[in-house]
Amino acid sequence: MRFIKIYPVLISFLFLSCGAPSVKKYIPIPYTASGNGFDYAHKSPPVADIPIVLQGDKWLAHYTNDLLPYWTMPDALGDPQGNFPTYRQMDGAVSGDHTARYPRMIGRQVFVYSMGFLMTGDTKLLQYAKDGIDWLTEKAKDTKAGGWYPMLDAKGNPYGKSPKTAQDLAYTIQGFAAYFFVTRDPAAEKEILESCGLIFDPAKYWDAPNQRVKNAMDFSMQKAADSPSDGWDLVAQLDQINAYMLLSQPVLTEQSNRQLFLERMKLLAEGLVANFWEDGIFWGANNMKGKFPGPHLDFGHTLKSYWMILRIDKRLPGHPFSVFLSNNVYFWVDLAYQESKGMWADKMSGYDSVQPSGRSWWIYAECDQLTADLNLIDYRYTPVLEKTAANWVKFIDTEYLCGEVYPGVSYSGGKSGNGNPASTSKCNEWKNGFHTTEHALVMYILGKNLEGKPVDLYFAVPPSQADTFIAKPYLFEGTEVTRANLGNFTVDGTVLTKVKVTFKDIY
């Protein structure tokens, strides 16, 4: 009952006509509050035996054995290679019923391969990633109107004239950011800088007076495609940070761009709080605050918003969000965790309650990731993570050799995957390998830290940069221990040096 001690309880009154309003267990403390915030410095984990399910190598093996086969089979790679199919069946075969390609999903698949190389050093994964960004550059980039096509046909031709959403742009660029992070490829960096420029261009996506990213531009990129009735969309802001800015910012080539991206992320974080945060929740649309249910109203979006702000705050001088985070984030993590089941809930049904509904793979992953990051502060969540990590196995598809995860499990934790072999529930217009790969990567890095062991990650950079490039342990900070040159190889004729960098003291 930690939060009853920390947060004052609001008194609820009974109304005969409408019943009792939900009791808020704490008073949300605003961004401007003063007080003691987080101490972000690395803390050594307690000396203890670490459960196998939280050990780093367990998660590296999970990526390699449970996830990667689904993404390295021939049908996953496309024809030509890089034209990754958006819709695939339970056994990994390309769906014959759905042939459209979504560039945002190709970008996410590039992330799978790029971060797979980061974890394993397997160079063939880097070639798959390069093929994906080459296909995007050639086919998905709208060189006339600007931005990126929202949809392509099976051959890579523009399909339809839907609005170009800010969220679609973010996840298309995610592929370029992931590839750039491990290679420092200048062409990938160029696309990151240009697309981020569109987001912050007042003539395009940026609504400067309201400090927010517009939901979408029309297909011609001439006018905003916001719908007043829909309100402002949380993910239009959040996914700029989540998909590419946080990953690429500390390793951009020019210091001026690193500083610019940091300032822009601070703007986005401030806008998230000012426009979407109320009563501790990050609401999916600014005009839906206080309304249950609502768009994007779940623990996934709220906890991911807190996580992105936490990661930005660690990079900002003075840590301006630290007090805000320490005052508010713990309550929502604790509400999301269902101790009796050892699992994360999907959605809140009120300010102090959760819906007894099925559990989504991506929300579960986001809850694990934020909680594992918060655990770096004082390691209070190790017992929680031991249970939630053990229950992640319930998502894994063991019926097909290609693996990956079902999109959800039932409230009780039972399998709720589609039994139809032709189902595209594992790979479709909104599900790809991004969340599962990131989950494995985060748990690998933070698992090694919890064990007090070094973290090995792999990069592939131009030979002249092998000794000097900035290396980071994904979104985290840490101390570089060693840097080993593992020799040269080529990707599309470009010579790269494979470098293994070992980190410790993650924070």
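Which residues form one aromatic cluster? Here are a few notes on that and on other parts of the fold, bearing in mind that this is a predicted model.

1. To take the opening point: the cluster consists of Tyr31, Trp277, Phe282, Tyr306, Phe321 and Phe324. There is plenty more to look at along these lines, as the structure holds 31 aromatic pairs.

2. One of those pairs is Tyr87 with Tyr102, an edge-to-face arrangement with 6.5 Å from centre to centre and 70 degrees between the planes. Both tyrosines sit in the loop between α3 (74-77) and α4, so their pairing ties together parts that are 15 residues apart in sequence. Tyr87 counts as buried at 10% relative accessibility, and Tyr102 counts as buried at 14%.

3. Phe117 and Phe489 make a pair with a longer story. Their ring centres are 6.5 Å apart and their planes stand at 45 degrees, so the pair is tilted. Because Phe117 belongs to helix α4 and Phe489 to strand β12, this pair ties together parts that are 372 residues apart in sequence. Phe117 is buried, its relative accessible area being 0%; Phe489 counts as buried too, at 15%.

4. Strand β12 brings us to the sheet. You will find an open sheet of three strands in the order β11-β13-β12, paired antiparallel. Its edge strands, each pairing on one side only, are β11 (455-461) and β12 (479-491). From one strand to the next, the twist averages 20 degrees. The antiparallel pairing of β12 with β13 (residues 494-504) runs over ten bridges, and Thr479 stands opposite Lys504 in β13.

5. Two helices are worth viewing against this sheet. Helix α4 (residues 103-120) lies across β11 and β13, at about 120 degrees to β11. Helix α6 (residues 166-183) lies across β11 and β12 and runs at about 95 degrees to β11.

6. For helix packing, please look at α7 (residues 186-199) and α9 (residues 255-276), whose axes come within 12 Å and cross at roughly 35 degrees. The crossing is left-handed. On the α7 side the contact is made by Ile192, Leu193, Cys196 and Gly197, and on the α9 side by Asn257, Phe261 and Arg264. By type, the residues of this contact divide into four nonpolar, two polar and one charged.

7. A last point concerns Pro383, which has its place in helix α13 (residues 382-391). Pro383 is exposed, with a relative accessible area of 51%, so it passes the cut-off of over 50%. Its C-alpha atom is separated by 31 Å from that of Pro69, and the two prolines are 314 residues apart along the chain.

Notes
Residues numbered from 1 in each chain as written. Predicted model: local features only at pLDDT ≥ 70, side-chain atom pairs only at ≥ 80, totals over all residues. Heavy atoms only, no water. Pairing = 2+ DSSP bridges. Helix = DSSP H or I, 4+ residues; strand = E, 2+ residues; numbered from the N terminus. Axes fitted to C-alpha atoms, helices over the stretch in contact; angles between N-to-C directions. Contact = heavy atoms within 4.5 Å. Left-handed = near helix turned anticlockwise from the far one by under 90°. Nonpolar A, V, L, I, M, F, W, Y, C, P; charged D, E, K, R; others polar. Buried < 20%, exposed > 50% of the residue type's maximum accessible area, 1.4 Å probe, protein only. Phe/Tyr/Trp six-rings, centres within 6.5 Å; stacked < 30°, edge-to-face > 60°.
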